[in-house]
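Hi,

Here is the structure I promised to send over. Have a look at it first, and then read on for what I found.

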Amino acid sequence: TLAITQPVDRSTTAQTSAAVVVQTEAGARVDLHTGAFNAQVVADSSGRASFASVPLLPGDNAIDATATD
């Protein structure tokens with residue numbers, strides 16, 4: 001199971017970046033993609049994967065995440 005818990009779906013911001021938090025299985029590798037930005041982290045023991053400063057473009061941004069055990 002994987003869920004983007006932050007930011008909330010369909011939320012709006014005037015910021016040029018956002019913190020993104022993904023909830024999945026503990027120890028899973030999480031890949032995050034938005035526009036040309038790509039990053040990977042390993043979820044902690046509670047299954048939380050955090051991306052501190054994901055760049056945003058003006059207008060709509062799609063944030064996609066996948067997890068691999």
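Which residue in S4 does Arg-29 stand opposite? Its partner there is Val-42. Keep in mind that this is a predicted model, not an experimental one.

That pair belongs to the contact between S3 (residues 29-34) and S4, which run antiparallel to each other over 6 bridges. The sheet as a whole is open and has 3 strands, in the order S4-S3-S6, with antiparallel pairing. S4 (37-42) and S6 (64-68) are the edge strands, each pairing on one side only. On average, neighbouring strands here are turned by 15° against each other, if you ignore direction.

Now go to Ala-28, in the loop between S2 (17-23) and S3. Is Ala-28 buried or exposed? Its relative accessibility is 1%, and buried means under 20%, so Ala-28 counts as buried. Leaving out residues up to four places away in sequence, Ala-28 touches Val-41, Val-42 and Ala-43, and also Ala-67, Thr-68 and Asp-69. Take Asp-69: it sits 41 residues from Ala-28 in sequence, yet the two C-alpha atoms are 4.5 Å apart in space.

One last thing to look at is the largest pocket, with a volume of about 590 Å³. It is lined by 19 residues, and those closest to its centre are Arg-10, Ser-11, Thr-12, Asp-60 and Asn-61. By type, the lining of this pocket splits into 9 nonpolar, 7 polar and 3 charged residues.

Cheers

Note on methods: Residues are numbered from 1 along each chain as its sequence is written. This is a predicted model: local features need pLDDT of at least 70, side-chain atom pairs count only at pLDDT 80 or more; totals for chains, interfaces and linings use all residues. Side-chain values use heavy atoms; hydrogens and water are left out. Two strands pair if DSSP finds at least two bridges between them. Helices (H or I, at least four residues) and strands (E, at least two) are DSSP runs, numbered from the N terminus. Axes are lines fitted to C-alpha atoms, for helices over the stretch in contact, and angles run from 0 to 180 degrees between N-to-C directions. Buried means under 20% relative accessible area, exposed over 50%, partly exposed in between (1.4 Å probe, protein chains only). Contact means heavy atoms within 4.5 Å. On a 1 Å grid over the protein atoms alone, a cavity is a set of points where a 1.4 Å probe fits but cannot get out, and a pocket is an open set with protein on both sides within 12 Å along at least five of seven lines; lining residues have an atom within 4 Å of a point. Grid points are joined across faces, edges and corners, and a volume is the space filled by probe spheres set on the points. Ala, Val, Leu, Ile, Met, Phe, Trp, Tyr, Cys and Pro count as nonpolar, Asp, Glu, Lys and Arg as charged, and the others, Gly among them, as polar.
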